[in-house]
Amino acid sequence: MATGEITIPIALVHTAIAMGTVFCVLILISFVIWLLKFVPKIINGLSKEKTEAPKKNVQPASAPVAKPQAAPKKTTDGELVAVIAAAIAATMTEETGVPVFADGLVIRSIKKRNFN
């Protein structure tokens, strides 16, 4: 066999090796992407360890004191519209860079959307 000749069996071996290499690299990339979901948990854990100061002479609480439950505040439609108008004005100001005042906006309807 001359060095310049490539036969079909040799070409098939090269093809199989190349495809196997690509397949292995794709599996490796998938594994690295899967591992990325643990990065925020690790970072939060490390930042909590740094921020926690050593506690000395901590006295355990003798009995937990129950706090009185406050009645939930009823929100009126006017308050809800005011909050939404302020949020829209802030978003429009961020996007355009031009100050938009909430009292210049007119909200004609507010509809709840169900995201399924």
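**Figure 1. F38 in the predicted model is partly exposed, at 28% relative accessibility.** This legend, like those that follow, describes a predicted model rather than an experimental one. The value of 28% for F38 falls between the cut-offs of 20% for buried and 50% for exposed, which is why the residue is called partly exposed. F38 belongs to one aromatic cluster together with F31 and W34.

**Figure 2. Two aromatic pairs are present in the structure.** One of them joins F31 and W34, whose rings are stacked, with 5.9 Å from centre to centre and 25° between the planes. Helix α1 holds both F31 and W34, and the two lie 3 residues apart, about one turn of the helix. An α-helix has 3.6 residues a turn, so residues three or four places apart point the same way. W34 has a relative accessible area of 44% and is therefore partly exposed. W34 also pairs with F38: the ring centres are 5.2 Å apart and the planes stand at 80°, so this pair counts as edge-to-face. The angle of 80° is over the 60 degrees that an edge-to-face pair requires. F31 is partly exposed as well, because its relative accessibility is 44%.

**Figure 3. A nonpolar patch of about 890 Å² lies on the surface.** The residues that make the patch are V22, V25, L26, L28, I29, V32, I33, L36, V39 and I43. Helix α1 gives the largest share, with 7 residues. Both α1 and α2 contribute at least two residues each. I43, one of the patch residues, is located in helix α2. For the whole chain, the accessible surface is about 11400 Å², and carbon and sulfur atoms account for 66% of that area.

**Figure 4. Helix α3 covers residues 77–96 and has the span expected from its length.** The helix has 20 residues, and at 1.5 Å a residue these should span 28 Å. The C-alpha atoms at its two ends are 28 Å apart, so the two values agree. Just after α3 comes G97, which takes a positive phi of about 85°.

**Figure 5. F101 lies in the segment that follows α3.** Which class, buried or exposed, does F101 fall into? F101 is exposed, because its relative accessibility of 59% is over the cut-off of 50%. The C-alpha atom of F101 is separated by 6.0 Å from that of A89, although the two residues are 12 residues apart along the chain. A second pair of positions can be viewed here too. A90 is part of helix α3, and V100 is 10 residues away from A90 along the chain. The C-alpha atoms of A90 and V100 are 7.3 Å from each other. A90 counts as partly exposed, because its relative accessible area is 40%.

**Figure 6. The chain as a whole contains 3 helices and 0 strands.** Along the sequence, the elements follow the pattern α-α-α. Of the 116 residues, buried ones make up 2%. How confident is the predictor, and which helix has the highest mean pLDDT? The average pLDDT of the chain is 80, and 75% of the residues score at least 70. Among the elements, helix α1 (residues 8–35) has the highest mean pLDDT, 97, and helix α2 (residues 39–51) the lowest, 78. Where pLDDT is low, the predicted coordinates should not be read in detail.

Definitions and conventions:
Residues are numbered from 1 along each chain as its sequence is written. This is a predicted model: local features need pLDDT of at least 70, side-chain atom pairs count only at pLDDT 80 or more; totals for chains, interfaces and linings use all residues. Side-chain values use heavy atoms; hydrogens and water are left out. pLDDT is the predictor's confidence in each residue, from 0 to 100. Helices (H or I, at least four residues) and strands (E, at least two) are DSSP runs, numbered from the N terminus. Buried means under 20% relative accessible area, exposed over 50%, partly exposed in between (1.4 Å probe, protein chains only). Accessible areas come from the Shrake-Rupley method with a 1.4 Å probe; for residues, only the protein chains shown count as cover. Patches are made of residues with over 30% relative accessible area and no salt bridge: like charges are joined within 9 Å, nonpolar side chains (Val, Leu, Ile, Met, Phe, Trp, Tyr) within 5 Å. A salt bridge is a side-chain nitrogen of Lys or Arg within 4 Å of a carboxyl oxygen of Asp or Glu. Rings of Phe, Tyr and Trp (its six-membered ring) pair if their centres lie within 6.5 Å; planes under 30 degrees apart count as stacked, over 60 as edge-to-face and the rest as tilted. The expected span of a helix is 1.5 Å times one less than its number of residues.
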